[in-house]
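Me: Got a minute to look at a structure with me? I'd like to go through its fold, its core and its empty spaces.

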Amino acid sequence: TLSPDGTFNFCNFTVNNGGSFTSTSGTLNLRGALTFNSGSTFNHNNGTIILNGSGTSQTLSCNNAEFNLVVVNKSSTSNSLTVNSNCNLPLGNNPTLTLGGNSSYFYLSGTLSGSGTLTFVQSNGGLTFNSTAVLDPAFTGFVANNASDFTTAMNMNFSSFSPFTINYSGSSCGTSVTINSGGNLTLSPDGTFNFCNFTVNN
């Protein structure tokens, strides 16, 4: 159990089978991997986890743990964040996921919970939504201004979203979009989207 209202900085965070961890009610900064193995217990204690790895790859394996609030605030270049299928990240209202600078990649197989407009900030890099990925239906807007690559294998219906933007300013033609098997992408009629390459796979 961590101090009730302290701020803690972790590189990697692992709770193994049979282990139990009660977090701070303040802030836990994590710049490396999060691994909650089968049989582990996590108590969020109403605290906040900030994912702030710089120039590193972060993978979250959550064992269906319940979090209070998760903030993504990564900096520098060559970042990646992978959210596995047993993770549900509560992001709050109108969340902004700051993924970093050049070559910043986000891979979602789990769930993003929240409401309002979901915004991704990066200089360039990819956004990948795998077949098990889920976006909370309470989201009403989606903004990805600098995703050079956008890939989905999930059903993404943005028809009623406002604002809605998928664009990449680093290319004269915009974002490269790929829809893989099982995926569906319905765009908002009021959105802004500049697509460089658009590929639909079987």
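What follows is a chat about the overall shape, one residue, the core and the voids.

Me: What kind of model is this, and how are residues numbered?
Reply: This is a predicted model: local features need pLDDT of at least 70, side-chain atom pairs count only at pLDDT 80 or more, and totals for chains, interfaces and linings use all residues. Numbering runs from 1 along each chain as its sequence is written, and side-chain values use heavy atoms, with hydrogens and water left out.

Me: How many helices and strands in the protein chain?
Reply: 0 helices and 24 strands. Those are DSSP runs numbered from the N terminus, with helices being H or I of at least four residues and strands E of at least two.

Me: And what are the spans along the principal axes?
Reply: The C-alpha trace covers about 50 × 30 × 30 Å.

Me: What share of the chain is buried?
Reply: Buried residues are 49% of the 202. Buried means under 20% relative accessible area, exposed over 50%, and partly exposed in between (1.4 Å probe, protein chains only).

Me: Switching to Thr151: buried or exposed?
Reply: Thr151 is buried, at 18% relative accessible area. Thr151 sits in strand β18 (residues 149-152).

Me: What does Thr151 touch?
Reply: Leaving aside neighbours within four places in sequence, Thr151 is in contact (heavy atoms within 4.5 Å) with Leu127, Thr128, Phe129, Thr178 and Asn180.

Me: Which residues have the most contacts inside the largest nonpolar core?
Reply: Phe106, Phe129 and Phe142, in a core of 47 residues. A nonpolar core here is a set of buried Ala, Val, Leu, Ile, Met, Phe, Trp, Tyr and Cys residues joined through side-chain atoms within 4.5 Å.

Me: What does Phe142 touch?
Reply: Not counting residues up to four places away in sequence, its partners include Leu118, Phe120, Phe129, Leu135 and Phe158.

Me: OK, voids. How much space is in the largest pocket?
Reply: About 150 Å³. Closest to its centre, of the 13 lining residues, are Leu135, Asn155, Asn157, Phe158 and Phe161. β17 (139-144) and β19 (155-157) each give two or more residues to that lining.

Me: How do you define a pocket and its volume?
Reply: On a 1 Å grid over the protein atoms alone, a pocket is an open set with protein on both sides within 12 Å along at least five of seven lines, while a cavity is a set of points where a 1.4 Å probe fits but cannot get out; lining residues have an atom within 4 Å of a point. Points are joined across faces, edges and corners, and volume is the space filled by probe spheres set on them.

Me: How many cavities of 30 Å³ or more?
Reply: There is 1, and the largest cavity holds about 40 Å³. Its lining includes Ser23, Phe42, His44 and Leu69.
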